[in-house]
Amino acid sequence: MIKSVRPYQDEPLTYGKFPDGFAWGLATSSYQIEGAWNEDGKKESIWDRFVRVEGKIKGGDTGDIACDSYHRWEEDVALVKEIGATHYRFSISWPRILPEGIGAVNQLGVDYYNRLIDALLEAGIQPMATLYHWDFPQCLEDKGGWLNDDVPNGLKNTPQRVLQLSEIGNTVKVKLWITLNEPYIAALVGYEKGIFAPGIQDPGKSAYICGHNMLKAHAKAYRKYKQDFKGQEGKLGISFFTEAAFPASDSEDDVKATNRYMQFTLGWFAHPIFKDGNYPQIMIDQIGEKSKLQGFPQSRLPIFTREERKQLLGSSDFIGLNHYTSKVVSHAVGNHEVVSCAEDRDVKLDYDPTWPNSGSVWLRPVPPGMRMLLNWVKDEYGNLPVYITENGVSDTAGNLDDLHRIYYYKHFINNVLKAITLDGCKVEGYYAWSLMDSFEWTVGYSEKFGVCAVDFADKNRRRTMKSSARFLRRIFADNGFLKDGNPWYDVPDAKHYTGQR
Ligand code: GAL
């Protein structure tokens with residue numbers, strides 16, 4: 001077990017190579033980069049609607065044009081190639097390929113993804129396609145969205161899309177699939193707090209229903225994929241929001257609270273798939289008890305049928321981890337008079353003041369958290385194949401000499417290497433978030449995560465590599481950290497983001 005490290009000091013780098021065939025990737029998502037929000041038959045997504053609600057997005061920004069990748073995808077492929085990534089993770093906009101949510105395929109939308117996939121393969125880059133990265137069709141939302149588990153809503157649509165794609169021949173070219181991106185955030189921020197689209201504020205209830213239907217949709221998609229594409233070596237998984245959690249003290253209460261927090265975040269979605277087809281017992285117990293005290297006739301956490309549990313268990317070929325930051329956790333009994341997911345967990349969350357900062361309030365870079373998390377996953381779910389499907393850091397200046405980002409990647413990726421070589425974790429790939437600056441949800445274009453800059457004032461959306469892209473290029477080319485190789489190791493660590501160019 002890795003020791004708690006707060007406050008931490010960076011440990012010396014470990015030198016060595018990643019396993020042969022390790023996937024080095026860059027990641028993006030459709031709404032954040034594509035633009036062309038109403039072109040070529042694409043219909044409205046919940047984000048297209050949400051960004052038009054006054055006051056929801058910083059500066060009134062929208063993804064209407066974004067990085068214009070719908071028209072500039074060739075430039076994206078060229079950049080991925082230039083950085084030397086072996087893999088590229090992108091997502092498929094649901095209302096672009098199925099404008100009515102289900103049913104008729106929009107061939108122009110499908111052609112776009114075919115062109116992108118073909119160009120990637122031609123450049124020697126393996127595509128990893130996410131089926132759902134939050135841009136849900138508005139027409140399905142109008143019928144209840146993820147809260148409605150009836151046809152033709154959420155439940156049936158993920159498998160439906162896999163099927164549709166198969167009919168047009170893409171599925172065999174793409175060997176790596178992600179069904180859902182961070183169902184935890186989609187449920188909690190979209191259906192509990194209403195800060196993300198679709199903007200529903202219904203604490204303690206809707207998020208659990210949304211999450212429940214997402215899990216069922218995921219399992220259906222997996223079973224359908226395995227049935228229709230038997231023998232095609234494709235792998236299908238799911239990407240989770242993850243944090244590493246450090247107990248605030250050595251007390252039993254805080255240590256227990258830390259594990260409880262992990263179960264209520266990662267466990268909520270990973271436990272049903274990788275452990276026993278059901279929610280973590282601690283969630284079932286706590287939400288059940290609190291619901292009773294609150295006078296609900298039954299638990300606010302829905303129940304899976306026996307058949308659903310069977311479908312869920314083992315419904316993933318790998319576990320995808322999106323990882324950015326850590327939390328310090330202490331025990332704190334929630335107020336049961338307040339119905340909310342946050343009160344259900346009985347924890348208080350902090351960060352350590354010694355942790356560096358970034359361009360986002362929620363993101364404190366804690367590199368050893370990466371190793372800690374990978375070990376937690378190994379101990380909890382067994383040594384499954386892991387893909388880190390997102391990892392990265394923001395700033396607001398957007399400077400090209402982004403040394404704070406080099407600090408972040410250097411130490412986070414080195415902790416992945418430690419987890420593999422020293423702890424025996426089975427990590428098979430790593431995707432940096434993100435290929436380029438893009439529409440960062442409610443903060444618009446103000447927080448930048450790209451290793452390439454995008455000039456949003458330029459109608460051509462000119463892309464420029466930052467120093468961090470060159471740093472990654474070297475890591476990717478070396479397939480690791482070679483002692484006498486990478487000139488970037490000598491760049492002094494700039495861990496604190498100063499906000500200055
Ligand atoms: C993830 C999300 C990405 C990206 C990133 C940085 O949660 O999947 O779309 O925005 O956070 O905030």
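In this predicted model, strands β4 and β5 pair in the parallel sense over four bridges. Within this pairing, Thr130 stands opposite Ile178 of β5. Strand β5 spans residues 176-181, and six of its six residues are buried, so the strand is largely enclosed by the rest of the structure.

**Parallel strands from β5 to β7**

Strand β5 also pairs with β6; the two run parallel and are joined by four bridges. Two residue pairs illustrate this contact: Trp177 has Leu236 as its bridge partner in β6, and Asn181 has Ser239 as its bridge partner in β6. Asn181 recurs below, since it is among the closest residues to the ligand.

Strand β6 covers residues 235-247 and is joined to β7 by 10 bridges, again with the two strands running parallel. Ala245 has Lys327 as its bridge partner in β7, while Phe246 has Val328 as its partner there. In β6, 12 of the 13 residues are buried, so this strand is largely enclosed by the rest of the structure.

**Strand β7 and its further partners**

Strand β7 comprises residues 319-331, and 12 of its 13 residues are buried, so β7 too is largely enclosed by the rest of the structure. Besides its pairing with β6, β7 pairs with β9 (residues 386-390) in the parallel sense over four bridges. In that contact, Gly320 finds its bridge partner in Tyr387 of β9. The pairing of β7 with β8 (residues 347-350) also has four bridges, but here the sense is antiparallel. Ser330 stands opposite Lys348 of β8.

**The ligand and its surroundings**

The ligand sits in the largest pocket. It is surrounded by 13 residues, of which the closest are Gln32, His133, Asn181, Glu182 and Glu440. Strand β5, which ends at residue 181, thus appears again at this site through Asn181. The table lists three glutamate side chains with a polar atom close to a ligand oxygen atom.

| Side chain | Distance to an oxygen atom of the ligand |
|---|---|
| Glu182 | 2.6 Å |
| Glu390 | 3.0 Å |
| Glu440 | 2.5 Å |

The protein covers 94% of the 310 Å² of accessible area that the ligand has on its own. Where does Glu390 fall relative to the strands? Strand β9 is made up of residues 386-390, and Glu390 is the residue whose side chain has an N or O atom 3.0 Å from a ligand oxygen atom.

**Backbone features in the loops**

Two cis peptide bonds can be described. One runs from Ala197 to Pro198, with omega near 5°. Pro198 is found in the loop between α8 (183-191) and α9 (206-228). The other joins Trp433 and Ser434, with omega about 15°. Ser434 has its place in the loop between β10 (427-433) and β11 (452-454).

Positive phi values occur at two residues other than glycine. For Ala66, phi is near 50°; this residue is located in the loop between α2 (46-50) and α3 (69-83). Is Ala66 buried or exposed? Its relative accessible area is 1%, which is under the 20% limit, so Ala66 counts as buried. For Trp134, phi is near 85°, and the residue is found in the loop between β4 (126-132) and α6 (138-141). Trp134 has a relative accessibility of 7% and therefore counts as buried as well.

**A partly exposed position in helix α11**

Ile284 has its place in helix α11 (residues 281-293). Its relative accessibility is 28%; because this value lies between the limits of 20% and 50%, Ile284 counts as partly exposed. Ile284 and Ser299 are 15 residues apart along the chain, and their C-alpha atoms are separated by 8.1 Å.

Definitions and conventions:
Residues are numbered from 1 along each chain as its sequence is written. This is a predicted model: local features need pLDDT of at least 70, side-chain atom pairs count only at pLDDT 80 or more; totals for chains, interfaces and linings use all residues. Side-chain values use heavy atoms; hydrogens and water are left out. Buried means under 20% relative accessible area, exposed over 50%, partly exposed in between (1.4 Å probe, protein chains only). Two strands pair if DSSP finds at least two bridges between them. A residue is near a molecule or strand if one of its heavy atoms lies within 4 Å of it. A polar contact is a pair of N or O atoms within 3.5 Å; within protein, one must be able to donate a hydrogen and the other to accept it, and residues adjacent in sequence count only if both atoms are side-chain atoms. Accessible areas come from the Shrake-Rupley method with a 1.4 Å probe; for residues, only the protein chains shown count as cover. On a 1 Å grid over the protein atoms alone, a cavity is a set of points where a 1.4 Å probe fits but cannot get out, and a pocket is an open set with protein on both sides within 12 Å along at least five of seven lines; lining residues have an atom within 4 Å of a point. A molecule sits in a cavity or pocket if more than half of its atoms lie within 2 Å of its grid points.
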